[in-house]
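Open the model in your viewer and follow along, one selection at a time. Where should a newcomer begin?

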Amino acid sequence: MSAIDQLFSELRQSKKKALMPFVTAGDPNIETTEAILRALGDAGADLCELGIPYSDPVADGPVIQSSYQRALESGFKLQQVFDLGKRLTGDAMLPRVTMVSYSIIHRIGMETYIKKAVEAGYSGAIVPDLLVEESAEFAKLCKASDFSLIQLVTPTTPRERQVRIAESSTGFLYYVSVTGITGERTALPTDLVDNVSWLRGQTDLPICIGFGISSPDTAAQLAPVADGLIVGSAIVRRIASASGKENVVRSVTEFVGQLRKAIDDAT
Amino acid sequence: MSSASARPHASASVPDSQGRFGDFGGRFVPETLTRALDQLADEYDRAKKDPEFQRELAGLLKTFVGRPSPLYHAKRLSNSVGGAQIWLKREDLNHTGAHKINNTLGQALLTLRMGKTRVIAETGAGQHGVASATACAHFGLPCTVYMGSEDIRRQKPNVFSMKLLGAEICAVESGSKTLRDAVNEAMRDWMSSVENTHYIIGSVIGPHPFPMMVRDFQAIIGRETREQCRDTFDRLPDCIVACVGGGSNAAGMFYPFVEDDGVRMVGVEAGGRGNAPGDHASPLSFGDPGVLHGSYSYVMQDEDGQTCDVHSMSAGLDYPGVGPEHSYWMATGRVDYIDCGDDAAMQAFDQLARTEGIIAALESSHAVAKAMTIAAEMKPDQHLVVCLSGRGDKDAMEIARLRGVTF
Ligand SMILES: Cc1ncc(COP(=O)(O)O)c(C=O)c1O
C-alpha cells in the first residue's frame, strides 16, 4: 500500500476530500519550491503534485508553460527534485507525486526514475503523455516498487476506455475536467458532474478532478462528486506574481486555506 | 548497437497496428487526443481502400498540383561533378513550390470525410503552411497556421502568401521560436479544438497514424521516380539522395525503394555551422533515441530529456527531431544518414542556379550538395536521383540578408 492509498483510505473513513496543489519544481528556484512544500500541509493540503519542468509540454497552457520555462532558464536539473525529496522528511510532510513527461522518464531510464523517486520519498507519478497502450512496462515496474502510476481520463475518452484506464491506474484516477490544456477556467463543462458520477460507479479507485479549477467556488461545486481536487495554474500564477520566498509562501498558503474551507464546507 | 549480421532487414510492411517501425514510433500524447487519433487512423484506413477517395486525390494531384513532376537530367551539373549522372526529381515544380502539397491535399480530403470543419497546421519554412492554406482554400475550410516568429522573419514571402490564401497566421514566441515551438502550439490548439478540428501535420513526425499516413501521401514521389527511371534509363537508380528535416520528402522518395537492396539511399540532415550541440539540426547523426512530439525516434536532448536548441540556416530543417521511420531505416542500415553544413548547402544552391538555371530551396540544396559529393565517387554510367523538394523563391530575401545585399 503506497502512501497515496493510505491517505485516501483515511480520507474516505473521515468523509473528507483531498486537496492537491500543483507546484512547479524550481519555479522560480528550488528553495522557494521547498518552502512551499513545507508549508502546504499546515495550509490545508493533503497531497502535493510536483510538476517537473519540461521543454515541450503540449498539455499545458501559458501559465504552467512559462513556469517550466522560468525554471529551466534558471538552471533547473532533474536531480534537484530527488535531492529536494530527501530533505523533506518527517511526519508533517505530505505524500507527494510528480507530474513528469515520459520524455524525461525515458531519458534517464524507467527503472532509474522509479528507484530515485522512491528513495526521495515520492509515492507516484502522473505521466501525461504515456497512454495506457504504451504504459505496460512502466506500470509493471511501478507495481513492483509500490509506486503509484496515476492515469488520466478525459472528456474525449470513450466510456469503455475509461473503464480500461481505471483498471490500470493505481493510487487514484485523474479526471481531466476539460477538453484542452491546463489553465484557469471561469466555467467548467455542464456535464462534468454527471460524467464523474458515472465513472464513480465503475471503479473503487479514488477519483480526483483537475484542469481548470481556479477558485474556491469551483472547488466547492466539484468537491461533492470527487475524492479530491487538483489545483495547478491558479497556484502557479500566484507563485509567479508574488516576489520573494516569504510573499510567495504567504500567497500560496492563503489561497490553499480558502480552497480547503470551500471544500470542507461543501462536503 | 547490434552487429550488422544480427540487424533486422528493413521491411516496407511497417508500422504495426500500434504505429511501431521496429522500436520506433508509437503514440506519446495526452489522453485527450487519443479518440481523434483513433478516428483518423480508422478514416485513413477506409479512405485508402476507397476507390472514390483515390480517384479524387489522383485527379487533384494531376490537374491542381501538376503531377507527375518531371525527372530532369542535370547534364551540366553531372559534367561539372564528373561522376554519376545526376537526375532531379522536380518537386519544386509542384503547385505551391514544394512536395508539401502532396500531403496537405490528402489530409484535407480526410478532414472533410471526418466531418471536421477547421484545419490547423504548423510550419517552419512556410511551405507546409502555404500548402495547407492552399488545400483549405481549395476546399473552403478555415485554416490557422502556427509559425515561430524567427521563421516568420526569415520566410516572409510565404507568410504573405498564406495571408493571401485566407489563412490566419499565429506567431509563436515561445522557446526557440522555430518549427519545434510551432508544433507545440499547434498541438495545444488541437487539445482544445479536437472535436471539430483536424491538425494537418506537415512531416512524417508526430503520433501514429501521422508518420505512416504522411509517408503514404508523399510516396507518390518515389513511385513516379521508379517509373520515370525505368522509362528513361531502363532500370532503377543506383543511389537516391534527399534532405531530412522531419523527413517527409525523404520518406516519400525512399519508401517505394525500401525493398530494392541494390538502390543505395542517403538522407541528408542539416549540419548547420558545426558539430557542437546547438550548432546543427542532425538528430540521426548526433542525437539519441527519445520522445518528442508524440513519437519515439532520434532527438537532440540533454541528459535530463529536455529538448536542445538546434540550428540550421534553413527553416524547414531547423528541427530537433525526425520521423520514426528514418530511425528505423538507420537502425536497420537500410538508409545512410549524413549531414551537410550551411556553407556547403549555400554553395550547392549557387552552383545549381548557375549551371542548371534552377533556384532550389535551401532545404533541398543540402541534398544537392551531398549528391554532388557522392556522384563524384560514382561512375558516369551510374545514376543518382536527388529529390529537389522545393524551389527557392521563399529564400531569396533571407539569402540577400545573409549576403548583405539590399534591394
Ligand atoms: C522545400 C522543403 N524541403 C524539405 C523540407 C523539410 O521537410 P521534410 O523533411 O519533411 O521533407 C521543407 C520543410 O519545410 C521544405 O520546405
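Start with a term: helix angles under 35 degrees count as roughly parallel, over 145 as roughly antiparallel, 65 to 115 as roughly perpendicular and the rest as oblique. Keep in mind that this is a predicted model.

**Stop 1: two helices.** Select residues 100–113 of chain B, which form helix 4. Add helix 5 of chain B, residues 127–139. The two pack at an angle of about 40°, and their axes are 9 Å apart. Helix 4 and helix 5 of chain B are therefore oblique to each other. Their crossing is right-handed.

**Stop 2: the ligand.** Keep helix 5 of chain B selected and show the ligand. Which residues are the closest to the ligand? They are B:Gln127, B:Gly245, B:Ser248, B:Gly316 and B:Gly390. In total, 21 residues surround the ligand. By type, the shell divides into 7 nonpolar, 13 polar and 1 charged.

**Stop 3: helices in the shell.** Helix 5 of chain B supplies at least two shell residues. So do helix 11 (248–254) and helix 15 (362–376) of chain B. Which helix of chain B gives the most to the shell? Helix 11 does, with 3 residues.

**Stop 4: two domains.** Color domain 1 of chain B, 19–61 + 100–214, in one shade. Color domain 2, 66–97 + 219–402, in another. Both give residues to the shell, so the ligand lies between them.

**Stop 5: the annotated span.** Select residues 66–390 of chain B. An unreviewed UniProt entry annotates this stretch as "domain: Tryptophan synthase beta chain-like PALP". The span is 42% helix and 21% strand. Its end C-alpha atoms lie 14 Å apart.

How values were computed. Residues are numbered from 1 along each chain as its sequence is written. Chains are lettered from A and ligands numbered from 1 in the order in which they are written. This is a predicted model: local features need pLDDT of at least 70, side-chain atom pairs count only at pLDDT 80 or more; totals for chains, interfaces and linings use all residues. A residue is near a molecule or strand if its C-beta atom, placed from the backbone, lies within 6 Å of it. Helices (H or I, at least four residues) and strands (E, at least two) are DSSP runs, numbered from the N terminus. Ala, Val, Leu, Ile, Met, Phe, Trp, Tyr, Cys and Pro count as nonpolar, Asp, Glu, Lys and Arg as charged, and the others, Gly among them, as polar. Domain bounds come from an automatic or database domain assignment. UniProt positions are given in the numbering used here, feature names are shortened, and annotations may be inferred rather than shown by experiment. Axes are lines fitted to C-alpha atoms, for helices over the stretch in contact, and angles run from 0 to 180 degrees between N-to-C directions. A crossing is left-handed if the near helix is turned anticlockwise from the far one by less than a right angle, and right-handed if clockwise.
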